[in-house]
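Me: Please take a close look at one part of this model. I would like its surroundings and its charged pairs in one connected answer.

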Amino acid sequence: MPRAGLSSAIVVSEAADLADEVGYGRLTLAALAERLGVRQPSLYKHIDSMDDLQRGIAVEAKRELGDVLGRASIGRAGPDAVRAMAQAYRSWVLEHPGRYAATVRAPDDDEDRAASDQVVAVVLAVLAGFGLKGNTAIDAARSLRSALHGFVSLEAGGGFGLPRQATNSFNFLVELLITGLENR
């Protein structure tokens, strides 16, 4: 019988917290079971496999990221929306590195796709403020994601050793992206 109060949602949420603490690649079912105070086989009453757990973390994290980006950009347009969204993205990634690592994988089912689409919808809404649509908006969204992902991944991994605040460089990057979007 499952531990009282334990559910699939709680298992996934605790796994996401653990991934933030130890790193997504270091998340194990044994560590999760210990955290939850159960034996590892008990986890299988709530998840099917490690892959199922990772998928659950990805879906939860994508929903969370979509909410964060949406709240940051709502009521803003153009450069202000990009700045707000980029800052929210960076802050969320640095606060939730394990969850973020789970968001990188492409969706593989309807629920995961819907969570991914939520993030994409926010980004496309922000880009619409620059008059971008269709394939151009997709190209812009991929470029924006790639630039932000690259920066925050390097920052989170300790990849910036020069004696300048990373925030200054991040702001520089965001302004470069805005200039490119405005001149497209």
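**A close look at R90**

Reply: This is a predicted model. R90 is in contact with F151, V152, E155, A166, T167 and F170, leaving aside its neighbours within four places in sequence. One of these partners, T167, also meets R90 through a polar contact between side chains, at 3.2 Å. R90 sits in helix α5, which spans residues 78-95. Its relative accessible area is 9%, under the 20% cut-off, so R90 counts as buried.

Now helix α8, residues 134-156, which holds L148. L148 is buried too, with a relative accessible area of 3%. Residues up to four places away aside, L148 touches A86, Y89, F170, V174 and L177. F170 is thus listed for L148 and for R90. The C-alpha atoms of L148 and S91 are 11 Å apart, with their positions 57 residues apart along the chain.

Back to helix α5 for a charged pair. R83 and D80 form a salt bridge, with the closest N and O atoms 3.1 Å apart. The two are three residues apart in helix α5, so about one helical turn separates them. R83 is partly exposed at 31% relative accessible area. D80 is partly exposed as well, at 45%.

Helix α7, residues 110-128, has a pair with that spacing: R113 and D110 are three residues apart, about one helical turn. Their salt bridge has its closest N and O atoms 3.5 Å apart. R113 is partly exposed at 36%, whereas D110 is exposed at 63%. Elsewhere, salt bridges with shared partners link D17, D20, E60, E64 and R99 into one network. The structure holds 16 salt bridges.

Note on methods:
Residues are numbered from 1 along each chain as its sequence is written. This is a predicted model: local features need pLDDT of at least 70, side-chain atom pairs count only at pLDDT 80 or more; totals for chains, interfaces and linings use all residues. Side-chain values use heavy atoms; hydrogens and water are left out. Helices (H or I, at least four residues) and strands (E, at least two) are DSSP runs, numbered from the N terminus. Buried means under 20% relative accessible area, exposed over 50%, partly exposed in between (1.4 Å probe, protein chains only). A polar contact is a pair of N or O atoms within 3.5 Å; within protein, one must be able to donate a hydrogen and the other to accept it, and residues adjacent in sequence count only if both atoms are side-chain atoms. Contact means heavy atoms within 4.5 Å. A salt bridge is a side-chain nitrogen of Lys or Arg within 4 Å of a carboxyl oxygen of Asp or Glu.
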